Amino acid sequence: MTGMTMVVVDGANVVGSRPDGWWRDRAGAAARLRDRLLPLAGTGRPDLPPPVEVVLVLEGAARHVPGVPGVTVVAAPGSGDDAVVA
């Protein structure tokens, strides 16, 4: 039986892993990450065939970034870690 794979991304952990100035525009950095995840949702990867459900968890100043078709955004009311666990 083949099912959909879900990939949950903690946006703060991913965005914060590179010192590229993300802290000056947290929402912009989260939107760029969301957009970079779109190909994963559409085509998967060689080791992760489609369909792939992508869920991006955002917190703080980035929590107001909207989802787009292919990437669901969850606005964490507190920490992103807690929202991922929930």
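**Close-up 1. The salt bridge between R34 and D35 in the predicted model.** R34 is buried, its relative accessible area being 10%, and this view is taken, like those that follow, from a predicted model. The partner of R34 in a salt bridge is D35, and the closest N and O atoms of the two lie 2.9 Å apart. D35 is partly exposed, with a relative accessible area of 37%, so the bridge joins a buried residue to a partly exposed one. The structure counts 2 salt bridges, and the one between D47 and R45 is shown next.

**Close-up 2. The salt bridge between D47 and R45.** Here the side chains of D47 and R45 come together in a salt bridge, with a distance of 3.2 Å from N to O. D47 has a relative accessibility of 59% and therefore counts as exposed, the cut-off for that word being over 50%.

**Close-up 3. The aromatic pair of W22 and W23.** The structure holds 1 aromatic pair. The ring centres of W22 and W23 are 5.6 Å apart and the ring planes stand at 80°, which means that the pair is edge-to-face, a term used where the planes are over 60 degrees apart. A reader new to such views may note that a pair of aromatic rings is described by the distance of the centres and the angle of the planes. As for the surroundings of the two residues, W22 is buried at a relative accessible area of 19%, whereas W23 is partly exposed at 41%.

**Close-up 4. The pairing of strands β1, β2 and β3.** Strand β2, which covers residues 52-58, has 6 of its 7 residues buried, and it is therefore largely enclosed by the rest of the structure. On one hand β2 pairs with β1 in the parallel sense over 6 bridges, and within this pairing D10 has V57 of β2 as its bridge partner. On the other hand β2 pairs with strand β3 (residues 71-75), again in the parallel sense, over 5 bridges, and here L56 has V73 of β3 as its bridge partner.

**Close-up 5. The nonpolar surface patch around M6.** M6, V8 and V84 together make a nonpolar surface patch of about 240 Å². M6 belongs to strand β1, which runs over residues 5-10, and M6 is partly exposed, with a relative accessible area of 48%.

**Close-up 6. The approach of L38 and G70.** L38 lies in helix α2, which is made of residues 26-43, and is partly exposed, its relative accessible area being 32%. Although L38 and G70 are 32 residues apart along the chain, their C-alpha atoms are separated by 6.1 Å.

**Overview. The protein chain from which the close-ups are taken.** The protein chain contains 3 helices and 3 strands, and its elements, followed from the N terminus on, run β-α-α-β-β-α. With a radius of gyration of 13 Å, close to the 12 Å that the globule rule gives for 86 residues, the protein chain is as compact as a globular protein of that length. The C-alpha trace spans about 45 × 25 × 20 Å along its principal axes, and 34% of the 86 residues count as buried.

Methods: Residues numbered from 1 in each chain as written. Predicted model: local features only at pLDDT ≥ 70, side-chain atom pairs only at ≥ 80, totals over all residues. Heavy atoms only, no water. Phe/Tyr/Trp six-rings, centres within 6.5 Å; stacked < 30°, edge-to-face > 60°. Buried < 20%, exposed > 50% of the residue type's maximum accessible area, 1.4 Å probe, protein only. Patch = residues over 30% accessible without salt bridge, like charges linked within 9 Å, V, L, I, M, F, W, Y side chains within 5 Å. Areas by Shrake-Rupley, 256 points an atom, 1.4 Å probe, with all protein chains shown as cover. Salt bridge = Lys/Arg side-chain N within 4 Å of Asp/Glu carboxyl O. Helix = DSSP H or I, 4+ residues; strand = E, 2+ residues; numbered from the N terminus. Pairing = 2+ DSSP bridges. Rg over C-alpha atoms; globule rule 2.2 N^0.38 Å.
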